[in-house]
Amino acid sequence: MKRELGIARCGLACCLCSENVKCKGCGEDGFLELDWCKDAQWCENRKCCIAKGITACYECGESNCKKGLFVKTPKAAGFTEFVRRYGKDELLDCLERNEKAGIVYHREGIIGDYDGFDDIQKLIDFIRTGKKQA
């Protein structure tokens with residue numbers, strides 16, 4: 001885990017991402033210029049945060065947002081909601097504990113153990129406990 005990369009604007013876990021080894025994380029510290037990031041120009045969540053003057057989606061009051069990655073993956077929406085409820089440090093602590101217990105963020109490509117949830121609350125429960133509920 002690269003804790004210093006933190007959580008992306010959209011809620012995804014930059015700290016656990018293995019997709020791009022050159023990535024520096026997408027914006028907790030306010031990155032506006034991301035010339036090293038292939039996705040920066042199209043990322044709707046990033047553009048929305050910058051337009052609203054917030055550092056991340058979890059700071060926004062729009063809890064049922066369907067922009068950008070929230071449409072593609074419940075993981076982004078679930079991680080964002082987790083931070084709203086419990087805070088960013090708690091998410092990082094849970095992800096670190098889960099990683100040590102063998103839970104994998106990216107198992108095949110960008111799909112891992114936090115994917116496949118159709119219910120955000122079940123994902124949040126999994127993050128907190130490290131156990132999938134039936």
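Of the 134 residues of the chain, 44% count as buried in this predicted model. The accessible surface amounts to about 7,600 Å², and carbon and sulfur atoms hold 51% of that area. The secondary structure consists of 5 helices and 0 strands, so that the order of elements from the N terminus reads α-α-α-α-α. Among contacts in the chain with a separation of 6 or more, 50% join residues that lie 24 or more positions apart.

The cysteines were examined next. The count of disulfides comes to 0. Cys43 takes part in no disulfide, and the nearest cysteine sulfur, which belongs to Cys10, is 5.9 Å away. Because a disulfide requires two cysteine sulfur atoms within 2.5 Å, the distance of 5.9 Å from Cys43 to Cys10 does not qualify. Cys43 counts as buried because its relative accessibility of 13% falls under 20%. Cys94 likewise counts as buried, with a relative accessibility of 2%. Cys17, by contrast, counts as partly exposed, at 26% relative accessibility.

Empty space within the model was considered in terms of cavities and pockets. Rolling a probe the size of a water molecule over the atoms shows where such space is left. The structure holds 2 cavities of 30 Å³ or more, and the volume of the largest cavity is about 90 Å³. Its lining is made up of Asn45, Cys48, Cys49, Lys52, Ile54, Cys57, Cys60, Glu62, Cys65, Lys67, Phe70 and Arg84. Helix H1, which spans residues 44-52, provides the largest share of this lining, with 4 residues. By class, the lining of the largest cavity comprises 7 nonpolar, 1 polar and 4 charged residues. Cysteines are among the lining residues, including Cys48, Cys49, Cys57 and Cys60, and cysteine counts as nonpolar in this division.

The second largest pocket has a volume of about 250 Å³. This pocket is lined by 15 residues, of which Ser63, Cys65, Lys66, Ala77 and Ile120 are the closest to its centre. Helix H2 (69-72) and helix H3 (74-86) are the elements that give two or more residues to the lining. The greatest contribution comes from H3, with 5 residues. Nonpolar and charged residues number 6 each in the lining of the second largest pocket, and 3 residues are polar. Cys65 is one of the residues lining the largest cavity and also one of those closest to the centre of the second largest pocket.

Three residues illustrate how parts of the chain separated in sequence are placed in space. Cys17 is located in the segment before H1. The C-alpha atoms of Cys17 and Val104 are 9.9 Å apart, although the two residues are separated by 87 residues in sequence. With neighbours within four places in sequence left aside, Cys17 is in contact with Tyr105 and His106. The relative accessibility of Cys17, 26%, lies between the limits of 20% and 50%, and the residue is therefore classed as partly exposed.

Tyr86 belongs to helix H3, the helix that gives the most to the lining of the second largest pocket. At 35% relative accessibility, Tyr86 counts as partly exposed. Tyr86 and Arg128 are 42 residues apart in sequence, with a C-alpha to C-alpha distance of 10.0 Å. Arg128 is also a contact of Tyr86, as is Ile124, when residues up to four places away in sequence are not counted.

Towards the C-terminal side, Lys132 occupies the segment after helix H5 (120-129). Lys132 is exposed because its relative accessible area, 52%, is over 50%. In sequence, Lys132 and Asp113 are 19 residues apart, and their C-alpha atoms are separated by 9.5 Å. Apart from residues up to four places away in sequence, Lys132 touches Asp113, Asp115, Phe117 and Phe126. Contacts of Lys132 thus include Asp113 and Asp115, which count as charged, as well as Phe117 and Phe126, which count as nonpolar.

Technical notes:
Residues numbered from 1 in each chain as written. Predicted model: local features only at pLDDT ≥ 70, side-chain atom pairs only at ≥ 80, totals over all residues. Heavy atoms only, no water. Buried < 20%, exposed > 50% of the residue type's maximum accessible area, 1.4 Å probe, protein only. Contact = heavy atoms within 4.5 Å. Areas by Shrake-Rupley, 256 points an atom, 1.4 Å probe, with all protein chains shown as cover. 1 Å grid on protein atoms, 1.4 Å probe; cavity = no way out; pocket = protein on both sides within 12 Å on 5 of 7 lines; lining within 4 Å. Points joined across faces, edges and corners; volume = space filled by probe spheres on them.
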